[in-house]
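Visitor: I'm new to reading protein models, and the vocabulary throws me. Could you walk me through this one and tell me how each label is earned?

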Amino acid sequence: GIWTVLLGIIAVECSEAPPDTKRRLFFLEVPTLYYPLVLLALFSMFAGVRLAYVLGVAVGYAYGYGKLDRWKVKVETVRKWENRDQGGCLSG
């Protein structure tokens, strides 16, 4: 569902935040680094542990810390795919 994607986006955002910042969760002040994990724990208490949520947070952290950079498509490659003059497959 949408929560898998949202937890991943929150993990990316929190991994790129300055280290000493905090986020508010109801009445708690949570260090930004641990905020996605606290949300994951809260969701797990209500709905049980969901593998999709865990993977969403894990991929979000990995992306935010640059561990997935080797799988990113280079801008030059995308331009080549989109270039109509070179027979690009995404040129339309």
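Guide: Happy to, starting with surface: accessible areas come from the Shrake-Rupley method with a 1.4 Å probe, and for residues only the protein chains shown count as cover. By that method the chain exposes about 6,900 Å², and carbon and sulfur atoms supply 63% of it. Keep in mind that this is a predicted model, where local features need pLDDT of at least 70, side-chain atom pairs count only at pLDDT 80 or more, and totals for chains, interfaces and linings use all residues. Residues are numbered from 1 along each chain as its sequence is written, and side-chain values use heavy atoms, with hydrogens and water left out.

Visitor: How do you know what counts as helices and strands, and how many does the chain have?

Guide: They are DSSP runs, numbered from the N terminus: helices are H or I with at least four residues, strands are E with at least two. The chain has four helices and two strands, in the order α-β-β-α-α-α along the sequence.

Visitor: What does the radius of gyration of the chain say when set against a compact globule?

Guide: The radius is taken over C-alpha atoms, and the globule rule is 2.2 Å times the number of residues to the power 0.38. A compact globule of 92 residues would come out near 12 Å, but the chain has 18 Å. The C-alpha trace spans about 60 × 30 × 20 Å along its principal axes.

Visitor: Why is Ser15 called buried or exposed?

Guide: Buried means under 20% relative accessible area, exposed over 50%, and partly exposed in between, with a 1.4 Å probe and protein chains only. Ser15 has 9% relative accessibility, so Ser15 counts as buried. Ser15 lies in helix H1. Across the chain, buried residues make up 27% of the 92 residues.

Visitor: What does Ser15 touch?

Guide: Contact means heavy atoms within 4.5 Å. Leaving aside residues up to four places away in sequence, Ser15 touches Gly60, Tyr61, Gly64 and Tyr65. The C-alpha atoms of Ser15 and Pro36 are separated by 9.4 Å, with their positions 21 residues apart along the chain.

Visitor: And why does Glu16 get the label it has, buried or exposed?

Guide: Glu16 counts as exposed because its relative accessibility is 55%. Glu16 sits in the loop between H1 and E1. Glu16 and Tyr63 are 47 residues apart in sequence, yet 9.8 Å apart in space, C-alpha to C-alpha.

Visitor: What makes a group of residues a nonpolar core, and which is the largest one here?

Guide: A nonpolar core is a set of buried Ala, Val, Leu, Ile, Met, Phe, Trp, Tyr and Cys residues joined through side-chain atoms within 4.5 Å. The largest has 12 residues, including Leu7, Val30, Phe43 and Tyr53. Helices H1 (2-15), H2 (35-47) and H3 (51-64) each give two or more residues to this core, and H2 gives the most, with four. Tyr53 touches Trp3, Thr4, Leu7, Leu40 and Phe43, not counting residues up to four places away in sequence.

Visitor: What is unusual-looking about the phi of Phe26?

Guide: Phe26 has a positive phi of about 60 degrees although it is not a glycine. Phe26 is in the loop between strand E1 (22-25) and strand E2 (28-31), and its 65% relative accessibility is why Phe26 counts as exposed.

Visitor: Why is Leu28 classed as it is?

Guide: With 40% relative accessibility, Leu28 falls in the middle range, so Leu28 counts as partly exposed. Leu28 lies in strand E2.
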